[in-house]
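Here is a quick tour for anyone about to load these coordinates into a workflow. Have a look first, then read on.

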Amino acid sequence: PFQFSGSITDAHKKLDMYDLKIREIESQVSQFHELEELFELQQTNYLEIGDTHVEIKYLRILWDFKAMADQVFADWRKTLWNDVDTDSIEEKNKKLRKQLKEKGNAFSTMKGWQVYKDIEETMEVMAVVLPLINDLHSEAMRPRHWSALAQVCSVKVVDPADPCFSLEDMLNLQLHRHKESIEEIVETATKELKIERKL
């Protein structure tokens, strides 16, 4: 469950299974304690059981947070290109990152879990991509610049004029991998627009 890559429902099923196993072990421990008492032996402490309970509790919290974050991101992805409000999405993404950090600070072991790292990475990518998307919304962008973007991202075409073009289409281009090239394209487009206006 620390690095599970399946669905959130399946992750919860796994956690339920571990929860059941730990309760079975607790019932065995209870029997051992009775026997230790019977033979006047010192009771053995099984600290791992308490630790595991705590880990399961925080794993549930983290997986619930992942479910919520995934839903929020899925909703953002459906937004049509012309309706994308990068400022609003950036603000929400910052809040989500802050909430995740707070959870990590409340139980620092959590930061080492793969599921935590996966959520964090998704949000970090979004933090890099959103300013680029904001730049690409520039009125200076012409079909030749979109062709240049398609070339940089190794796709046939990027057509924001298509009424069905959405934020998901843009995110699928993996913009965070081509940050500098995209900034160059937008900068060129802006300079060209200035020259056009002067002419």
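What follows goes from the overall fold down to a handful of individual residues.

This is a predicted model, so local features need pLDDT of at least 70 and side-chain atom pairs count only at pLDDT 80 or more, while totals for chains, interfaces and linings use all residues. Residues are numbered from 1 along each chain as its sequence is written, and side-chain values use heavy atoms, with hydrogens and water left out.

**Overall layout**

The chain has seven helices and zero strands, where helices (H or I, at least four residues) and strands (E, at least two) are DSSP runs numbered from the N terminus. Read in order, that gives α-α-α-α-α-α-α.

How does the radius of gyration sit against that of a compact globule of 199 residues? The chain comes out at 25 Å, whereas the globule would be near 16 Å. The radius is taken over C-alpha atoms, and the globule rule is 2.2 Å times the number of residues to the power 0.38. The C-alpha atoms fill a box of roughly 100 × 30 × 25 Å along the principal axes.

Contacts here mean heavy atoms within 4.5 Å. Taking contacts between residues at least 6 apart in sequence, 75% join residues at least 24 apart.

**Surface and charge**

Buried residues make up 32% of the 199 in the chain. The labels work like this: buried is under 20% relative accessible area, exposed is over 50%, and partly exposed is in between (1.4 Å probe, protein chains only). The chain exposes about 12800 Å², with carbon and sulfur atoms supplying 50% of it; areas come from the Shrake-Rupley method with a 1.4 Å probe, and for residues only the protein chains shown count as cover.

On the charge side, there are 27 positive and 37 negative side chains, and the centres of the two sets lie 7 Å apart. Lys and Arg count as positive and Asp and Glu as negative, leaving out His and the chain ends. Each charge is placed at NZ of Lys, CZ of Arg, CG of Asp or CD of Glu.

**Loop residues**

Here are some residues that sit in loops.

| Residue | Loop | Relative accessible area |
|---|---|---|
| S154 | between helix 5 (143-152) and helix 6 (167-171) | 66%, exposed |
| P163 | between helix 5 and helix 6 | 66%, exposed |
| Q174 | between helix 6 and helix 7 (179-198) | 31%, partly exposed |
| Q43 | between helix 1 (8-38) and helix 2 | 41%, partly exposed |

Check the backbone at S154: its phi is near 55°, a positive value in a residue other than glycine. Q174 also has phi near 55°, and it is likewise not a glycine.

P163 and E180 are 17 residues apart in sequence and 28 Å apart in space, C-alpha to C-alpha. For Q43 and L136, 93 residues apart along the chain, the C-alpha separation is 67 Å. Leaving out residues up to four places away in sequence, Q43 touches H33, E36 and E37.

**A lysine and two cysteines**

Is K66 buried or exposed? K66 counts as buried, at 18% relative accessibility. This lysine belongs to helix 2 (residues 47-77), and, again skipping residues up to four places away, K66 touches I8, V115 and I119.

As for cysteines, C153 is buried at 9% relative accessible area, while C164 is exposed at 59%. The structure holds zero disulfides, a disulfide being a pair of cysteine sulfur atoms within 2.5 Å.
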